[in-house]
Amino acid sequence: MGTSLPKALQALHNSGGIYSGRCSVKPGKGWLAKVALRFASMPLGGDDIPVRLRIDQEGGTWFWTRDFDGHVTQSRLALDHQMGCVREQFGQISVWLKPVYANEQLEIQILRLSLLRIPCPKLLLPQSKTVEWQDEEGRFRFDVSARMPLIGALIRYQGWLTCDHVGTAFD
């Protein structure tokens with residue numbers, strides 16, 4: 001990530017660490033949305049719940065462990081040099097993401113998705129309205145949402161995080 005990012009975004013995206021805060025999670029409705037969220041091990045929902053994020057790095061791979069009030073979601077991120085973006089893997093789901101920084105916000109676009117290594121057709125590719133920014137208190141803010149054609153809303157979670165510990169060697 002570039003150095004023009006606000007400090008809260010730079011810290012979270014450029015170094016490992018432990019972060020904590022609060023968020024609200026709204027899962028999509030319908031059985032197809034529930035199946036998709038289960039495959040990605042996403043949280044079930046809640047308002048103003050505690051959230052904790054732990055980021056560890058090994059070589060060129062980042063491991064994100066999100067704890068939404070006891071519901072743990074893990075993912076692995078790495079640069080995909082061939083596609084020029086970040087590949088995030090949640091279990092059997094891989095998502096290729098392109099961050100775009102504009103208007104003091106980082107927007108995350110979904111370029112590609114695969115389930116069980118089978119590419120999702122572009123027509124069915126989820127749309128994301130994911131935005132990250134630094135608020136006036138210096139906190140990392142996030143608003144993550146995804147919807148899929150034929151299914152509708154998959155999930156939306158939004159909230160804030162502050163840094164508890166910077167580094168990649170934790171006890």
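Reader: Before the hairpins, what counts as a strand, and when do two strands pair?
Author: Strands are DSSP runs (E, at least two residues), numbered from the N terminus. Two of them pair if DSSP finds at least two bridges between them. This is a predicted model: local features need pLDDT of at least 70, side-chain atom pairs count only at pLDDT 80 or more, and totals for chains, interfaces and linings use all residues. Residues are numbered from 1 along each chain as its sequence is written, and side-chain values use heavy atoms, with hydrogens and water left out.

Reader: OK. What sits between β5 and β6?
Author: Two residues, in a hairpin. Glycine 91 in that turn has a positive phi of about 60°.

Reader: How many bridges join β5 to β6?
Author: Five, and the strands run antiparallel. β6 covers residues 93-102. Valine 86 has leucine 97 in β6 as its bridge partner.

Reader: And β4 with β5?
Author: Also a hairpin, with four residues in between. Glycine 84 in the turn has a positive phi of about 70°. Five bridges join β4 (residues 71-80) to β5 (residues 85-90), again antiparallel. Leucine 77 faces glutamate 88 in β5.

Reader: New topic. How many aromatic pairs are there?
Author: Three in the whole structure. Rings of Phe, Tyr and Trp (its six-membered ring) pair if their centres lie within 6.5 Å.

Reader: Which residues do ring pairs link into a cluster?
Author: Phe68, Phe140, Phe142 and Tyr157.

Reader: Where does the charged end of arginine 112 sit?
Author: Over the ring of tryptophan 96, 4.2 Å from its centre. "Over" needs CZ of Arg or NZ of Lys within 6 Å of the ring centre and within 35 degrees of the ring normal. Arginine 139 lies over the face of tryptophan 160, at 4.5 Å from the ring centre.

Notes
Rings of Phe, Tyr and Trp (its six-membered ring) pair if their centres lie within 6.5 Å; planes under 30 degrees apart count as stacked, over 60 as edge-to-face and the rest as tilted.
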